[in-house]
Amino acid sequence: MPRPPFPAAIDSTLRASFVSCPRKFEMEYLHHWKPQTPNIHLLAGGAFARGLEVARLAFWRDKESVERSIGLGAIALVKAYGTLEEPRDSTKSLVNMLGALCEYFVHYGFSTDSIHPLVVVDRPAVEFSFALPIPGTRHPETGDPVIYSGRFDMLGLYNNQLFVVDEKTASQLGPSWYNNWALRSQITGYCWAAREFNYTVVGAIIRGLAILTKDYKHAEAIEYRPQWQVDRWLEQLRRDVKRMIQCWEEGYFDWNLDSTCSSYGGCQFLSVCNSNHPERWLSAEFIQRVWDPLTREEREVK
Amino acid sequence: MTNLSPIDNINRLAKLILEGKDPSPEEMHAALMQIRSERGSAVQARAEAKAKKEAKSAPIDIASLFKPKGE
């Protein structure tokens with residue numbers, strides 16, 4: 001395979017892919033091979049986040065009524081969900097996602113919610129996107145610093161302390177759901193970004209909403225991130241990016257060849273790596289769609 | 001449109017939205033609440049059915065089986 005361009009921006013998804021298996025990272029984010037069926041979880045989660053954002057802005061910024069705010073959020077959710085053909089085995093259908101939005105605001109009422117958005121110059125800090133240079137990194141082609149980008153749902157005040165707030169839709173919320181967030185790089189990265197903008201967040205609140213076949217469940221995890229953890233995260237990110245560049249320069253991305261290949265129902269590239277002719281599998285079973293960490297959207301390669 | 005089921009109604013509104021004909025936010029909210037109400041009724045019905053089933057299969061009082069006859 002010819003050497004692809006090195007990405008200008010890295011986000012938590014790309015980093016997680018690289019540290020789990022550099023070869024997977026190369027196929028998925030440098031050559032952009034993705035499964036032919038769009039990722040329903042990614043799409044539905046994005047549509048839900050858009051619905052929350054529009055509803056919150058309508059209520060907190062535009063002073064709309066609760067009913068109109070939820071209605072506007074639902075309309076935005078439908079537009080973001082689009083015309084995707086829903087997989088039969090997924091609970092994340094459009095109707096269920098609309099139900100989830102409604103359920104969220106019933107559970108966490110605008111006025112009764114213990115978390116309120118931070119208001120900065122008359123604008124609630126709803127939907128926080130960032131793209132920041134990673135100190136100490138150098139893009140192998142442009143010489144500029146490599147960018148770290150991301151997006152979370154809100155900067156929120158809880159008990160007079162400032163938190164990153166992010167909502168996650170899930171298929172279930174067992175006891176292990178809470179353990180997902182301890183040390184989680186994505187969350188630490190959000191805290192780093194907020195602090196870079198001089199928002200002194202103490203940590204993050206992650207709200208889980210499980211979309212079950214016939215019901216919804218809620219959970220809330222509070223994660224603190226002391227500065228030493230953020231510093232360690234940044235150093236690790238720097239090292240990870242340097243390893244990415246090293247692999248890219250060598251033209252060799254290591255294989256995991258262990259649990260990453262089989263966990264969570266098996267890696268999507270299992271059949272590719274199992275073959276002596278991976279390119280045949282790639283062109284037959286996958287299509288090339290580019291994930292842009294800055295816009296957080298996928299587009300097809302023409 | 002009152003003869004439509006809540007799910008058919010929300011699908012109708014979604015179709016309109018994707019055609020660029022947004023309904024009013026109030027209508028959208030009302031449609032969501034209909035779905036929630038229907039779902040809530042279904043959850044309650046399932047809970048009642050479960051409670052009924054559990055009551056039917058209540059554990060047998062073993063001790064009562066060993067009481068001497070005539071007590």
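Which residue caps the N-terminal end of helix 1 of chain A? In this predicted model, the cap is A:Asp11, with a side-chain oxygen lying 3.2 Å from the backbone nitrogen of A:Thr13. Helix 1 itself covers residues 12–20, and its buried residues are A:Ser12, A:Leu14, A:Arg15, A:Ser17 and A:Phe18. A general rule helps in reading such a list: an α-helix has 3.6 residues a turn, so residues three or four places apart point the same way. The buried residues of helix 1 of chain A pack against several elements, among them helix 2 (22–30), strand 7 (147–158) and helix 7 (185–196).

Strand 7 and helix 7 of chain A come up again when we turn to empty space. A search of the whole structure finds three cavities of 30 Å³ or more. The second largest has a volume of about 40 Å³, and A:Ser12, from helix 1, is one of the residues that line it. Strand 7 of chain A gives the largest share of this lining, four residues. By type, the lining of the second largest cavity divides into two nonpolar, four polar and two charged residues.

The largest cavity holds about 90 Å³ of space. Its lining includes A:Trp60, A:Tyr104, A:Phe105 and A:Met154, and divides into eight nonpolar, one polar and two charged residues. Helix 3 (40–61) and helix 5 (94–107) of chain A each supply at least two residues of that lining.

Further along the chain, strand 9 (residues 203–211) and strand 10 (residues 216–224) of chain A pair in the antiparallel sense over nine bridges. The two strands form a hairpin with four residues between them, and within this pairing A:Ile206 has A:Ala221 as its bridge partner.

Technical notes:
Residues numbered from 1 in each chain as written. Chains lettered and ligands numbered in written order. Predicted model: local features only at pLDDT ≥ 70, side-chain atom pairs only at ≥ 80, totals over all residues. Heavy atoms only, no water. Pairing = 2+ DSSP bridges. Buried < 20%, exposed > 50% of the residue type's maximum accessible area, 1.4 Å probe, protein only. Contact = heavy atoms within 4.5 Å. Polar contact = N/O pair within 3.5 Å; in protein donor to acceptor, adjacent residues only side chain to side chain. 1 Å grid on protein atoms, 1.4 Å probe; cavity = no way out; pocket = protein on both sides within 12 Å on 5 of 7 lines; lining within 4 Å. Points joined across faces, edges and corners; volume = space filled by probe spheres on them. Nonpolar A, V, L, I, M, F, W, Y, C, P; charged D, E, K, R; others polar.
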